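Open the model in your viewer and keep the selection tool at hand. We will go from the whole chain to single residues, one stop at a time.

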Amino acid sequence: MTSLESILAGKYPAKAHARRVAQGLQSYGNGRHGIIYLEAQKTRLIEDNDEAMPFRQRRPFFYLSGCLLPDSCLIYNIDLDELTLFIPPVDPQDVIWSGLPMSAAEAQRCYDVDYVLPTPAVNATLSSIVSNNPGKVIAFAIEDQISEGTEFHGFSEVNTSLLKSIIGTSRVVKDEYEVALLRKANDISAKAHIAAIKASKTATNEREIEGAFIATCIAHGAREQAYHPIVACGENGATLHYGKNDTDLIDPITNQRKGSVLIDAGGEYSTYCADITRVFPLGGRFPLETRQIYDLVLQMQTECIEMLKEDVQWEDVHIHAHRIAIQGLKKLGILRGHEDELMEKRISVAFFPHGLGHYLGMDTHDTGGNPNYEDDDTMFKYLRVRGRLPAGSVITVEPGIYFCRFIIEPFLESSGTSKYINTDVLEKYWSVGGVRIEDNIHILKDGFENLTTAPKTVEEVESLSS
């Protein structure tokens with residue numbers, strides 16, 4: 001098997017991605033006489049400051065270039081199968097402060113492109129392409145991502161409505177290099193999750209755990225976070241996207257450490273993301289109620305992952321997660337009634353309100369999921385992925401059970417649903433907050449590959465937190 005590092009030692013497969021996108025454009029009836037034009041993110045200054053804002057490369061541009069330089073652009077000539085990268089020329093004023101930029105020769109060695117030219121050569125290149133096929137060439141670009149002064153004179157059409165969606169669809173199926181980047185992001189993030197759990201032994205506030213996670217990511221090469229980390233102790237875990245990360249870990253009334261911490265965090269490696277959620281006890285052992293919910297969520301996740309392979313219907317996997325949730329909550333005495341009736345009434349949505357997962361790639365919530373947020377069915381309304389999963393896609397599997405008063409109380413107040421929830425038993429579980437367990441899964445033709453190595457068994461997380 002080819003090692004991870006040997007794969008990443010090669011070039012990001014920009015040319016193959018350009019060809020894939022071109023095929024997608026041609027499938028819509030567009031002829032081979034066309035170009036793809038994309039721009040990198042611009043350097044932007046912080047308001048009222050001479051320092052640049054944090055840089056995040058435009059994903060469509062990176063997908064066809066592998067280049068993280070700002071103020072760049074590219075042209076892919078579909079007819080000639082030529083990919084040209086344009087990078088900023090040397091600015092003597094900037095060299096004083098920032099040093100010499102990447103040269104054209106260095107860029108040619110680093111990136112999977114045919115030519116590297118300075119950005120002032122863009123218009124001359126566009127003009128040359130048109131002169132060889134006058135009146136026949138379509139330019140595909142993205143609306144609002146064309147710099148003022150870029151000249152498409154002589155092109156038969158400048159189409160800004162199609163390219164972004166075609167790139168989004170193309171990005172769903174990952175190649176070997178992309179999977180290697182995702183695996184690298186996961187490997188670094190696993191180290192960071194372990195560091196976060198260990199840090200909790202002496203931490204007194206959520207932010208200390210967050211700091212340990214971020215520091216470990218940076219130390220291992222993931223300088224950017226895929227998203228703002230969620231570090232939620234106790235009942236804070238009932239908020240799905242909790243982001244304050246500043247609550248004390250010791251209860252001011254009992255002077256005892258709160259039961260558990262939910263951490264949803266992932267590093268970003270060369271624009272590719274990890275998205276991992278773990279829950280661990282504060283003090284070495286889960287409280288009884290938290291342990292019961294943890295076991296249930298882990299069962300939900302394990303069984304759902306085992307269902308995954310090419311062409312599986314994602315909605316079916318999501319439904320299975322709800323069935324396991326209903327069975328488990330009934331066994332604990334929180335729910336009562338016939339399983340099918342509970343499913344029909346969507347009672348489990350009160351405890352598991354979100355979708356089972358989403359595509360993962362250069363974006364945490366990656367492109368191509370075709371969600372339907374207008375769906376009237378509450379069980380499917382927040383599914384970020386609909387339909388069958390293709391081999392090569394990478395998806396998160398993140399079931400959860402939450403005890404959020406804002407979500408559950410309407411079910412308790414409704415005459416049509418209150419009878420299904422035993423409030424006496426429920427009262428014991430509010431302190432659990434929420435439990436979510438999330439891994440990143442690579443879909444294969446006959447199964448799956450779990451890219452996430454962060455510990456998650458009860459024995460592992462209790463041992464690390466002791």
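A residue is called buried here when its relative accessible area is under 20%, exposed when that area is over 50%, and partly exposed in between. Keep in mind throughout that this is a predicted model.

**Stop 1: the whole chain**

Begin with everything selected. The chain holds 15 helices and 17 strands. Its radius of gyration is 25 Å, close to the 23 Å that the globule rule gives for 466 residues, so the chain is as compact as a globular protein of that length. Measured out along the principal axes, the C-alpha atoms fill a box of roughly 80 × 50 × 50 Å.

Switch on a surface next. About 20,900 Å² of the chain is exposed, and carbon and sulfur atoms supply 50% of that area. Of the 466 residues, 52% count as buried. If you colour by charge, look for 45 positive and 65 negative side chains; the centres of the two sets lie 4 Å apart. Among contacts with a separation of 6 or more, 72% join residues 24 or more positions apart.

**Stop 2: strand β3 and its neighbours**

Select residues 82-87, which make up strand β3. How many of its 6 residues are buried? The count is 5, so to speak a mostly covered strand.

Now add residues 73-77, strand β2: this strand runs antiparallel to β3, and 5 bridges join the two. To see one pairing, pick L74 and find its bridge partner L85 in β3. β2 and β3 form a hairpin with 4 residues between them, and in the turn D81 has a positive phi of about 55°.

On to residues 115-118, strand β4. This strand runs parallel to β3, with 4 bridges between them. Click on T84, and you will find Y115 as its bridge partner in β4.

**Stop 3: strand β1**

Select β1, where 6 of 6 residues are buried. Both faces are covered: G34, I36 and L38 lie on one side, and I35, Y37 and E39 on the other.

Which strands does β1 pair with? With β2 it runs antiparallel, joined by 5 bridges, and I35 stands opposite N77 there. With β5, β1 runs parallel, joined by 3 bridges; here I36 stands opposite F140.

**Stop 4: two helices**

Select residues 163-170 for helix α7, where L163, I166, I167, G168 and S170 are buried. Show what surrounds these buried residues: they pack against α2 (14-26), β1 (34-39), α3 (59-63) and β5 (138-140). A general point helps when you look down a helix: an α-helix has 3.6 residues a turn, so residues three or four places apart point the same way.

Then move to helix α6, residues 122-132, and pick T125. Is T125 buried or exposed? T125 has a relative accessible area of 19%, and the cut-off for buried is under 20%, so T125 counts as buried. Leaving aside residues up to four places away in sequence, T125 touches I75, F86 and L117.

**Stop 5: a small open sheet**

Look for the open sheet of 3 strands in the order β7-β10-β11, with antiparallel pairing. The edge strands are β7 (224-225) and β11 (272-273), each pairing on one side only. Select residues 267-269 to show β10, which is joined to β11 by 2 bridges. Y269 stands opposite Y272 in β11.

**Stop 6: three loop residues**

Pick D48 in the loop between β1 and α3. Its phi is near 60°, a positive value in a residue other than glycine. D48 is exposed, with a relative accessible area of 77%.

Go next to D311, in the loop between α10 (288-306) and α11 (314-331). D311 also is not a glycine, and its phi is positive at about 75°. With a relative accessible area of 45%, D311 is partly exposed.

Finish at S103, in the loop between α4 (92-98) and α5 (104-110). S103 is partly exposed, with a relative accessible area of 31%. For a last look, draw a distance from the C-alpha of S103 to that of Y76: the two are 27 residues apart in sequence and 20 Å apart in space.

Methods. Residues are numbered from 1 along each chain as its sequence is written. This is a predicted model: local features need pLDDT of at least 70, side-chain atom pairs count only at pLDDT 80 or more; totals for chains, interfaces and linings use all residues. Side-chain values use heavy atoms; hydrogens and water are left out. The radius of gyration is taken over C-alpha atoms; the globule rule is 2.2 Å times the number of residues to the power 0.38. Buried means under 20% relative accessible area, exposed over 50%, partly exposed in between (1.4 Å probe, protein chains only). Contact means heavy atoms within 4.5 Å. Accessible areas come from the Shrake-Rupley method with a 1.4 Å probe; for residues, only the protein chains shown count as cover. Lys and Arg count as positive and Asp and Glu as negative; His and the chain ends are not counted. The place of a charge is taken as NZ of Lys, CZ of Arg, CG of Asp or CD of Glu. Two strands pair if DSSP finds at least two bridges between them.
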